[in-house]
Structure formats: structure tokens, C-alpha cells
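Biologist: Could you take a close look at one part of this model for me? I'd like to hear how that part sits among its surroundings, and then a bit about the charged pairs.

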Amino acid sequence: MIQLSLRPYWYLRHGQTDWNRDGLSQGRTDVPLNETGIAQADAAAKLFETCVSKHTPFTHIVSSPLDRAFQTAAIVREGLIAKGFEAFPLETDEGLEEVCFGEQEGQPMGDWYDSWIAGDYTPAGAEPFSVLRARAVEAINRATEHGGVPLIVAHGALFRALRAAMNLPANVRLPNATPLWLEPGAATQDAWSLTVVDA
């Protein structure tokens, strides 16, 4: 099993979409931000203005190519540039795309996530959790391997896979557009710390 490199990173789930608002599984369906999501991305940029001084600042942004994530990343980047921050490089990585939920996409959120994470159930046409975990870890490792600290802008189910890779409880819902600082311990995958930045 591929291990997550012991290097810190920032994580930001995209802002709200209409499907988030309506409690529908999005998966790989490319749903754009709604007005609330755009406002959330703006608010995240303002949080980053102050929180980067409390933790290691990010040096580059790596986003999922899906519109809701890339738009969030672009809004954060432009908001910080407008406040005098340097123009952070922004790139995409297909490994950060949200999980394909197959037949569940566009359907109300169900109670099958625990079974999916455990490998006991995968919706028809969907990506197994183990496959999602492997590609998510590979994407984070690519983002951190050349030095600096990345801001990863991606998705909720993908972050469940990263939580599993950090030996944190996996089935925890991540709020939209709330910055997270992830930092490993000195020598073990079991020592990751997660800091929610909300003020």
C-alpha cells in the first residue's frame, strides 16, 4: 500500500454547489459553484490572509481539474494577490478529481459510506475506496515532492481517503471551503495533526 509522504500540506474543499445544498452525491459530475460557494471561496481567501502567519505558508496551489475545485482555487489565489501576496503557481492534477460514484451520482446522500470505506460495498460503476485512496496519496506525494508546501484544493470524499491514509477516522464530513493545516509527526504515519482554520 502506498504511504503518504511525511510532508505538511494545506487542504481546502471546494465551495458549495447546488448539489451540496440539496444533499446530492456529486462524484465526478462537474457541478459549478453556486453564489454561496463563490462567497465561501472569497471568505477562505480572507482566512488565508491571517492564518498563514500561524503555520507554514503555502508556496503553490494544486487543484482538482473539476470546475468547483478549480474555481475555488482561482478565487483564493486572486483574492490573495489582490492583498499583495505573490502570484502563487496554480496547477491541476487529475489524481485530485473527486471519486466516481457511478450510479449514486445525482442521488441523495445515503448511509453506505462506512461499507464503501471498509471495502464491503461499491456502487455500480463507482470507484472502490482503495483505488481512490491510492490515487489521492499519489497526488499529494507529487504535490509535495519538489519542496515547498502546497495548498490542495479538492473534494470531500477524496479527503476521506486522505484521512484514512493519515490513520484518522475516515468517514468525517468536511465542510465546504474551510482551510485545514495537515502536519505529520517526526517519524510515523500515526502522528498526523489536523488543524481547522476558521478564524
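Is helix α6 (residues 156-165) mostly covered or mostly open, and how many of its residues are buried?

Modeller: Keep in mind that this is a predicted model. Helix α6 is mostly covered, with ten of its ten residues buried. That list takes in two arginines, R160 and R163, along with residues including L158, F159 and L162. As for what α6 packs against, its buried residues touch the helices α4 (113-118) and α5 (129-144). They also pack against the strands β1 (9-13), β4 (150-154), β5 (180-183) and β6 (193-196). Just past the end of α6 comes N167, with a positive phi of about 60 degrees.

One of those neighbours, α5, leads us to the charged pairs. The whole structure has seven salt bridges. In one of them, R142 pairs with D93, and their closest N and O atoms are 2.9 Å apart. This pair ties together distant parts of the chain, since R142 lies in α5 while D93 sits in the loop between β3 (90-92) and α4, 49 residues apart. The two ends differ in cover: R142 is partly exposed at 39% relative accessibility, whereas D93 is buried at 13%.

Another salt bridge joins E127 and R135, at 2.8 Å from N to O. Both of these residues are buried. Through shared partners, R28, E97, E127 and R135 form one network of salt bridges.

For a more local case, try R21 and D18, whose side chains meet at 3.1 Å, N to O. They are three residues apart in helix α1 (residues 18-21), so about one helical turn separates them. D18 is partly exposed, at 34% relative accessible area.

Notes: Residues are numbered from 1 along each chain as its sequence is written. This is a predicted model: local features need pLDDT of at least 70, side-chain atom pairs count only at pLDDT 80 or more; totals for chains, interfaces and linings use all residues. Side-chain values use heavy atoms; hydrogens and water are left out. Buried means under 20% relative accessible area, exposed over 50%, partly exposed in between (1.4 Å probe, protein chains only). Helices (H or I, at least four residues) and strands (E, at least two) are DSSP runs, numbered from the N terminus. Contact means heavy atoms within 4.5 Å. A salt bridge is a side-chain nitrogen of Lys or Arg within 4 Å of a carboxyl oxygen of Asp or Glu.
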